[in-house]
Amino acid sequence: ALQLKASTSTFAFFANVGVTDKFDVGVAVPLSHVSMEANVLARIIRLASAATPLVHTFVQGQDVTEQTFTESGDATGIGDVVVRSKYNFVRSGDNRLSAAIDLRLPTGDSDNLLGLGTTQAKLYLIWSQDHERFSPHVNIGFTVSGSGKRDLTLGGYTPLGVSDEFNYAGGMEFVVTPQL
């Protein structure tokens with residue numbers, strides 16, 4: 001039986017600069033704290049060794065068939081830094097259409113769950129309408145992930161297994177009054 005408790009807290013420093021009225025760049029630097037605790041209750045079920053119970057046991061010389069193993073750890077540090085660029089190429093009436101790219105750099109320690117250990121590029125389109133009281137927004141895109149490499153204790157490397165992703169998001173702004 002496995003009990004696993006994992007928690008993370010992240011504080012991000014973010015900066016965005018408008019290079020022109022249509023083009024902006026930004027960066028996000030996350031500072032994260034990750035903690036994890038695992039408890040495993042292991043049990044020996046006697047099938048073939050019932051006649052000789054001391055053959056399989058957790059404590060040498062005693063018939064102990066149950067034991068709990070506990071391990072925990074935590075880490076704090078900089079996570080994967082994201083560099084972003086966005087260009088607005090359509091402004092027609094109330095409609096706005098932009099293209100953006102987010103580049104996630106493997107700056108976080110993947111062995112301590114502070115980062116992915118590989119680069120990701122998120123390419124997406126951003127559509128919005130600008131009305132006086134109601135403004136809808138939609139993002140749609142695709143994230144391409146590098147394969148990542150992880151050093152194994154037995155030697156060699158194996159892919160980390162970070163998947164590519166299809167992304168979509170939607171939202172709206174509603175203005176109750178100009179002051180609210």
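Patches are built from residues that have over 30% relative accessible area and no salt bridge, with like charges joined within 9 Å and nonpolar side chains (Val, Leu, Ile, Met, Phe, Trp, Tyr) within 5 Å. A salt bridge here is a side-chain nitrogen of Lys or Arg within 4 Å of a carboxyl oxygen of Asp or Glu, and accessible areas come from the Shrake-Rupley method with a 1.4 Å probe, where for residues only the protein chains shown count as cover.

The model is predicted, so local features need pLDDT of at least 70 and side-chain atom pairs count only at pLDDT 80 or more, whereas totals for chains, interfaces and linings use all residues. Residues are numbered from 1 along each chain as its sequence is written, and side-chain values use heavy atoms, with hydrogens and water left out.

**Exercise 1.** Identify the residues that make the nonpolar surface patch, and the elements that give two or more of them.

*Solution.* Step 1: the patch, of about 820 Å², is made by Tyr87, Phe89, Leu125, Ile140, Phe142, Val144, Phe166 and Tyr168. Step 2: two or more residues come from each of β4 (81–92), β7 (134–145) and β10 (165–174), where strands are DSSP runs of E with at least two residues, numbered from the N terminus. Step 3: β7 gives the most, with three residues.

**Exercise 2.** Place Leu125 in its strand and determine its exposure class.

*Solution.* Step 1: Leu125 belongs to strand β6. Step 2: Leu125 counts as partly exposed because its relative accessibility is 39%, the class between buried (under 20%) and exposed (over 50%), taken with a 1.4 Å probe and protein chains only.

Methods: Helix = DSSP H or I, 4+ residues; strand = E, 2+ residues; numbered from the N terminus.
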